[in-house]
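Subject: A structure for you to look at

Hi,

Here is the structure I promised to pass on. Have a look at it first, and then read my notes below.

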Amino acid sequence: MITLHDIAYVRSGTADAATAVGFAVDVVGMELLGHEDGVWYLRADQRHHCLAFEEGEAGVLASGFSLADAEALADAENQLTAAGVTVVRGTPKQARSRRVEDFLAFDDPFGNRIELVTGQVQLARPPHFGRPAGITEFGHLCLDAPDVREAYRFWSTLFNIKVSDWIGELACLMRFDPVHHKLAVFRGSEPGLCHINFQVDSLDDVMRNWRFLQERGVEIEMGPGRHPQSTAIFVYFKGPEGLTYEYSYGVRRIEEPDWVPRVFDPSEPDAIDMWRGPTQRPSTQAQLHRALGA
Ligand SMILES: O=C/C=C/C(C(=O)O)=C(/O)C(=O)O
Ligand SMILES: [Fe+2]
C-alpha cells in the first residue's frame, strides 16, 4: 500500500503565461513566488507552490502528491512496477524545477499524469496574497476520467485511499486523511484536470469572492452553492485556457472509523448543490441531460 501524505501541486502548461499568472494572482489571489526556466510558481499556503505554470501548450501536465520519505518513494516505485504501471524517476533538474527532493511519475489508467514527491520545499513565512480572497490552503484537486469506478479501483488498490461519497457514476470523492476529499474524480470523456480547489476562511469569503468574480466578468461555472457530500459552500469559476478553480469553505472531516460511503443520485437537482443553483459545469450539465433523456 502506498501511503499518500498530502496533495503537493498541480503543474499546468500555458500558452499565455502573462494571462494565466495574472489571473492566478489578481483574481484567484495567489502569490507569485517567482519565475525560473519558463516556469511560474504560485503559492497559497506553506507549500513552496501549489500551482506551477510551464510555458508551452495549455493544459494540465501533472498532479503531485507527497510521500513521507525516500524509503516510501522507493517502495511506491516497486509496488507500482509490480502492478504493471510504468514508472519514471524524475531527474535532479526536474526535481529542482518542482522544488522537491525526488519524485517519480506515472500515468493512471486513463492517462492522467501523477507525480509522487518527497521533500517538497515548505516556506515558513505567510504568503503575500495577490488579493484578500481569504485562502487558507490548497484544498483538493479533481481529475477527469471516463470511468469513476475504475478510477477508484486503481486508487484504492494501490494507495491508502478510501471513497467518502459517490455521486452515482458521475463522481468519486476520495480521502487519505480526515478531510472528506483531497482527490476527486469526475466522469469526463478525456483525462484532465476537472478543477483545483482552494479553501477559504469563512462563508463571507466565498460570498465576497463571488461578488468580486462577478464584478470582474469572470465566468462563474456554478455557485455559490453547497455540496451535500462535504457540506462545503463553494463557487467554481473559469480561468484562462479553461482551468477551473473552486473556492470552498466548511469541508467535512470524517473522523468516524466506520464511515459508510453514500451514493447520491446525480439526476437529483440537489446532488451537486443543495441550494439547487444553476450550473455551467460541463460534466454536470452532460449528466443532467442524460438523466432527462435529452
Ligand atoms: O459535485 C459534487 C462536488 C462535491 C465536492 C464537495 O463535496 O465538496 C467538491 O468539492 C467537488 O468535487 O468539487
Ligand atoms: Fe471541488
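Let's begin at the ligand. Two strands, S11 (171-175) and S16 (244-249), each contribute at least two residues to the shell around ligand 1. In total, 14 residues surround ligand 1, and the closest are His227, Gln229, Ser230, Ala232 and Ile272. Sorted by class, the shell around ligand 1 holds 8 nonpolar residues, 5 polar ones and 1 charged one. Please keep in mind that this is a predicted model.

Next, the hairpin. Strand S14 (residues 219-226) and strand S15 (residues 233-238) run antiparallel to one another and are paired over 5 bridges. If you want one pair to find on screen, try Ile220, whose bridge partner in S15 is Phe237. The two strands form a hairpin with 6 residues between them, and in that turn Thr231 has a positive phi of about 65°. Is S14 mostly covered or mostly open? S14 is mostly covered, with 6 of its 8 residues buried.

Now for the domains. The chain is divided into domain 1, covering 6-118, and domain 2, covering 135-291. Their centres, taken over C-alpha atoms, are 21 Å apart. Where the two meet, 28 residues of domain 1 are in contact with 25 residues of domain 2. On the domain 1 side, the elements giving two or more residues are S1, H1, strand S5 (59-66) and helix H2 (70-82). Which element gives the most to that side? The answer is H1, with 5 residues. By class, the side of domain 1 that touches domain 2 is made up of 16 nonpolar, 8 polar and 4 charged residues.

That brings us to H1 itself, which is worth a closer look. Helix H1 spans residues 17-28, and its buried residues are Ala20, Val21, Phe23, Ala24, Val27 and Val28. What do these buried residues pack against? Their partners are strand S1 (6-14), strand S2 (31-36), strand S3 (39-43), strand S4 (51-55) and S16. You have met S16 already, as one of the strands that supply the shell around ligand 1. Just after H1 comes Gly29, which takes a positive phi of about 105°.

A good way to start is to colour the two domains, 6-118 and 135-291, separately. Then pick out H1, which gives 5 residues to the side of domain 1 that touches domain 2. Happy exploring, and write back with any questions!

Best wishes

Technical notes. Residues are numbered from 1 along each chain as its sequence is written. Chains are lettered from A and ligands numbered from 1 in the order in which they are written. This is a predicted model: local features need pLDDT of at least 70, side-chain atom pairs count only at pLDDT 80 or more; totals for chains, interfaces and linings use all residues. A residue is near a molecule or strand if its C-beta atom, placed from the backbone, lies within 6 Å of it. Helices (H or I, at least four residues) and strands (E, at least two) are DSSP runs, numbered from the N terminus. Ala, Val, Leu, Ile, Met, Phe, Trp, Tyr, Cys and Pro count as nonpolar, Asp, Glu, Lys and Arg as charged, and the others, Gly among them, as polar. A residue is buried if 20 or more other C-beta atoms lie within 10 Å of its own, exposed if 12 or fewer, and partly exposed in between; C-beta atoms are placed from the backbone. Two residues are in contact if their C-beta atoms, placed from the backbone, lie within 7 Å. Two strands pair if DSSP finds at least two bridges between them. Domain bounds come from an automatic or database domain assignment.
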